[in-house]
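Before the charges, cores and rings are discussed one by one, please look over the sequence and the model. The questions come afterwards.

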Amino acid sequence: MWGIVPAAGQGSRMQPLAFSKELLPVGSRVDGERERPRAVSEYLVERLIRGGADKLCFVISPGKSDILEYYGGGVFAASVFYAVQPRAAGLCDAIFRALPLIAPDEDVLIGLPDTIWFPVDGLAALPEGGLSFLLFPVQRPELFDAVVTDETGRVQEIQVKRPDALSSWIWGAFRLRGSVLRDLHALWEARERQDEYVGTLVNAWMAGGGHAIGVRAGESYVDVGTVRGYREAVMLLTTDVAGDAPPNRSAEIGNAELKLRATSAGQETRS
């Protein structure tokens with residue numbers, strides 16, 4: 001099974017950095033008897049492999065050779081390959097750069113390398129074939145792609161960064177058959193590549209008869225692409241030194257941040 005890691009973004013929300021944002025150290029891991037910093041993208045890599053991926057394709061921009069140097073030709077139990085997105089052109093364009101590697105009868109797992117989420121084995125909840133999204137509860141769905149489903153889990157609409165989002169569940173990763181990826185690519189081409197976001201393209205695909213399901217198996221989700229998200233990720237990871245986290249951490253993180261802000265405000269008032 002393939003795993004696609006779209007890592008060609010500019011990371012403007014976290015600049016200036018002297019390296020690709022996907023290599024931002026967050027937490028640590030133990031290699032043998034030595035503890036070392038852990039790149040944020042390693043969390044996605046680990047989850048893709050736990051979900052069954054044995055081949056990974058990193059989609060990088062021409063200036064991100066540090067990712068190639070970091071991962072080389074293999075990581076954990078997976079072989080690593082690379083595709084290049086010549087210029088920043090959105091997530092859909094990045095994902096489709098890996099299409100020549102993927103057979104129609106293969107399943108594909110896709111996630112975002114600047115996020116950290118739990119449970120680690122969440123992708124195992126997604127069924128084979130078709131198109132399915134791993135959903136996570138968040139406090140501010142308007143910042144993400146909210147997924148509206150019916151009582152059976154069938155996706156009705158993906159609301160891309162809408163202030164009036166009707167669902168507090170967002171997609172954090174997804175699984176699809178290679179043939180579905182090819183259908184989405186054909187539709188994207190027919191729509192003159194106007195879709196930057198997966199959500200708008202999937203909405204158009206469903207309007208034409210496509211079927212997707214949302215699985216509410218996610219427990220906590222953090223976007224590490226901002227300074228605020230980086231702080232939330234550190235709080236999330238410190239709850240469990242072993243690298244796992246208890247359920248319903250999103251609400252706890254939000255409450256912890258509010259307490260930190262209140263404490264800071266009090267200190268400023270007293271100073």
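What follows is a set of questions and replies about this predicted model.

Me: Which conventions apply to numbering and to the atoms used?
Reply: Residues are numbered from 1 along each chain as its sequence is written, and side-chain values use heavy atoms, with hydrogens and water left out. Because this is a predicted model, local features need pLDDT of at least 70 and side-chain atom pairs count only at pLDDT 80 or more, whereas totals for chains, interfaces and linings use all residues.

Me: What percentage of the residues of the protein count as buried?
Reply: Buried means under 20% relative accessible area, exposed over 50% and partly exposed in between, with a 1.4 Å probe and protein chains only. The protein has 7 helices and 14 strands, which are DSSP runs numbered from the N terminus (helices H or I with at least four residues, strands E with at least two). Of its 271 residues, the portion that counts as buried is 51%.

Me: Is E42, which meets R36 in a salt bridge, buried or exposed?
Reply: A salt bridge is a side-chain nitrogen of Lys or Arg within 4 Å of a carboxyl oxygen of Asp or Glu, and the side chains of E42 and R36 meet in one at 3.1 Å, N to O. R36 has a relative accessibility of 17% and counts as buried. With a relative accessible area of 2%, E42 is likewise buried.

Me: Which residues are joined into one network by salt bridges that share partners?
Reply: A search of the whole structure finds 20 salt bridges, and one of them links the side chains of E157 and R162 at 3.2 Å, N to O. E157 is partly exposed at 28%, and R162 is partly exposed at 27%. Through shared partners, salt bridges form one network of R29, D31, R36 and E42.

Me: Which helix gives the most residues to the largest nonpolar core?
Reply: A nonpolar core is a set of buried Ala, Val, Leu, Ile, Met, Phe, Trp, Tyr and Cys residues joined through side-chain atoms within 4.5 Å. The largest has 35 residues, of which I4, L131, F133, F174 and L176 touch the most other members. With 5 residues, the helix that gives the most to this core is α5 (residues 198–207).

Me: Why does the pair of F96 and W188 tie together parts of the protein that are apart in sequence?
Reply: Rings of Phe, Tyr and Trp (its six-membered ring) pair if their centres lie within 6.5 Å, and planes under 30 degrees apart count as stacked, over 60 as edge-to-face and the rest as tilted; by this rule the count comes to 11 aromatic pairs. F96 and W188 form a tilted one, 5.1 Å centre to centre with 45 degrees between the planes. F96 lies in helix α3 (residues 91–96) and W188 in helix α4 (residues 178–190), so the parts tied together are 92 residues apart in sequence.

Me: In which strand does W171, the partner of F133 in an aromatic pair, lie?
Reply: The pair of F133 and W171 is tilted, at 6.1 Å centre to centre and 50 degrees between the planes. F133 is buried at 0% relative accessible area, and W171 is buried at 6%. F133 lies in strand β9 (residues 131–137), while W171 lies in strand β12 (residues 169–177).
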